[in-house]
Amino acid sequence: MTMKKAVILLLFTSVACCADTIFLDNNPGIINGSKSYDPASRTCGNGSYTVYTNLSDASQALAAAKTLYVRAGTYSQPSVGKYITVHGSDINYWTGVLDITARGTPQKHIVISAYKNELVIIQAKQEVSHYNPDPADTGFRKSSHYYPNPAIGIHGAYVDVIGFRTYGQVVITGHDITLESCDLGGGGPHMNQGQVIALNGTENQGVYNVLIRSNKIHHSCWGESDGNGAALMGYNFSCIIENNEFCDNFGPDIGIKDTGGQQGREIIIRYNFFMPTSINPSGNAGIHGHNQDRRVDRVTIHNNIFLEKATGISFRMPARLDPMLAYCNTFVNCGFNKNDSGDIGDWINTSADAYNNLYYHSRRGQRFYDIQTKPLNKLKSDYNLFFSTEDDTQFKHLYRPRATTLAAWQQYSQLDGNSLWKDPEFVNPSGSRPRDFKRNGSTSDVTGSPYGSVCGAYVTGNEVIGICRESNN
């Protein structure tokens, strides 16, 4: 290749790269639509990239571009789209102030990302950069409908959204979506509820191939009920939810509600850290299902840590083809309020399997199981590890305490025949970080289980639970 041809090829490659990549920057002096943006200096005039100063223009430009980088700053815009009136407030359920309708391909996703880990804040309401002032408000005036729009709406396909902080809801109606490494808080307006993330599939258009990974998800607010007001709420969806941290939510952390006809739905919830809440401790479950929903094909929950939840897992959500499966999870001090369901509980409408889980209590008045279903054998529970430092921990069935020891529970329920009572020897049983619940000593607990010999979220001790941070391991 001659030098001249090499230079021409280099220039063409550079132009093509710049054409595929656009920027959003609201720094003073930036010219909206300029094609001479320089990322290094954050100025126009000497660069070769196109830059926009507002969310709407940048979102529309993604129809031609492949990557949108957003520079450090706070971004919002006047509310747009169709409104309805709820309790005197104008609410837009769908259109985010950052609204993404672009469609990539399986080979080349559209990428919308904070630039080089810069702090980028997307406000659901202009000039508001805090969370809902009254998350317990049931009048729809301050909390659940405090914001007129979602912060981010993702309605396209083959789209990756990375690295944002939001004040308001994220709504996902598309497919093949990744939502990653974000700080998501504040709740939102959809369906009269205060969800932080809403996956809104319909009977005719499900939400599928969604990955929600390594996000902090917090500060949801009041909803129609504790279940419907989950911080992450899904309707007619297939999703992997992994390595997230949930904290300070009003209702459950994750809610599963499928009422449409989409086939082949699979939900996988793994390696998450479900932290306590300071907002509504008595109503904060880790994972909450709905007993009217029978269309999900498979739900798998494994290698999660549930710390001080009112209920760890509520097994109301039946899986259509396979039983719901919860294995290798760690529950620490869950089920401490009068009406809570304990580590695992609630109505079980079809088969639910619970294997190789670790249940640890160090407070009085807690419950391992609180099952309302009759017959009890819809719960297939075995090869688990139970331990309490107190003498009044209960197993409940049909609203009544049935056992205060594992042996009594085994006799009553005919379950957990291969389970054991054993101190898990946590690194720090009173801790608040995932690594505190790694285990000292021998971690070979049970024999014969299809899920190995170890109980709890840390099987090898090298698993990453919650957001991947250096302090986590």
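## Strands, salt bridges and cores: worked exercises

L184 has its bridge partner in β20, and that partner is I217. Keep this pair in mind for the first exercise. The model is predicted.

**Exercise 1. Place the pair L184 and I217 in its strands, then in the sheet.**

Step 1. Find the two strands. β17 covers residues 183-185, and β20 covers residues 216-218.

Step 2. Read the pairing. β17 and β20 run in the parallel sense, with 3 bridges between them. The bridge from L184 to I217 joins a β17 residue to a β20 residue.

Step 3. Widen the view. An open sheet of 12 strands has the order β6-β11-β14-β17-β20-β23-β26-β29-β32-β35-β38-β41. Its pairing is parallel. The edges are β6 (73-75) and β41 (420-421), each of which pairs on one side only.

**Exercise 2. Describe the pairing of β39 and β40.**

Step 1. Locate the strands. β39 spans residues 394-397 and β40 spans residues 400-403.

Step 2. Give the sense. The two strands pair antiparallel, over 3 bridges. K396 has P401 as its bridge partner in β40.

Step 3. Look at the turn. The hairpin has 2 residues between its strands. There L398 takes a positive phi near 55 degrees.

**Exercise 3. Work out which strands flank β10, and how covered β10 is.**

Step 1. Take one partner. β5 (residues 67-70) joins β10 through 4 bridges, and the two run parallel. Y69 stands opposite S113 of β10.

Step 2. Take another partner. β13 (residues 157-162) also pairs with β10 in the parallel sense, over 4 bridges. V111 has D160 as its bridge partner in β13.

Step 3. Check the cover. β10 holds residues 110-114, and 4 of its 5 residues are buried.

**Exercise 4. Find the residues with the most contacts inside the largest nonpolar core, and follow the contacts of I112.**

Step 1. Size the core. The largest nonpolar core has 77 residues. I112, I122 and Y369 have the most contacts inside it.

Step 2. Follow I112. Beyond four places in sequence, I112 contacts L62, L68, L98, I100, V159, D160, V161, I162 and F164.

Step 3. Look elsewhere. Another core lies apart from this one. That other core has 21 residues, including I305, L325, V332 and C455.

**Exercise 5. Trace the salt bridge between R213 and E242.**

Step 1. Start with the principle. Side chains of opposite charge can pair when their charged atoms come close.

Step 2. Check the distance. The closest N and O atoms of R213 and E242 are 3.6 Å apart, and the cut-off is 4 Å.

Step 3. See what the pair joins. R213 lies in β19 (residues 207-213) and E242 in β22 (residues 237-242), so the salt bridge ties together parts that are 29 residues apart in sequence.

Step 4. Compare the surroundings. R213 has 25% relative accessibility and counts as partly exposed. E242 is buried, at 9%.

**Exercise 6. Examine two further salt bridges, D253 with K309 and K422 with D445.**

Step 1. Begin with D253 and K309. Their closest N and O atoms are 2.7 Å apart. D253 sits in the loop between β23 (245-247) and β24 (254-256), and K309 in the loop between β29 (305-307) and β30 (311-314). The two are 56 residues apart. Both D253 and K309 are buried.

Step 2. Go on to K422 and D445. Their closest N and O atoms are 2.7 Å apart. K422 and D445 both lie in the segment after β41, 23 residues apart. Both K422 and D445 are buried.

Step 3. Look for sharing. E180, R213, E242 and R270 form one network through salt bridges that share partners. The whole structure has 15 salt bridges.

**Exercise 7. Describe the setting of G234.**

Step 1. Place G234. It lies in β21 (residues 232-235).

Step 2. Test the exposure. G234 is buried, with a relative accessible area of 0%.

Step 3. List the surroundings. Not counting residues up to four places away in sequence, G234 touches L199, G255, I256, K257 and D258. The C-alpha atoms of G234 and G201 are 7.7 Å apart, with their positions 33 residues apart along the chain.

**Exercise 8. Judge the confidence along the chain.**

Step 1. Take the average. The chain averages a pLDDT of 84, and 80% of the residues score at least 70.

Step 2. Find low stretches. Over residues 1-16 the pLDDT stays under 50, and the model has 2 contacts there beyond four places in sequence. Residues 79-88 also stay under 50, with 26 such contacts.

Key
Residues numbered from 1 in each chain as written. Heavy atoms only, no water. Pairing = 2+ DSSP bridges. pLDDT = per-residue confidence, 0-100. Contact = heavy atoms within 4.5 Å. Salt bridge = Lys/Arg side-chain N within 4 Å of Asp/Glu carboxyl O. Buried < 20%, exposed > 50% of the residue type's maximum accessible area, 1.4 Å probe, protein only. Core = buried A, V, L, I, M, F, W, Y, C linked by side-chain atoms within 4.5 Å.
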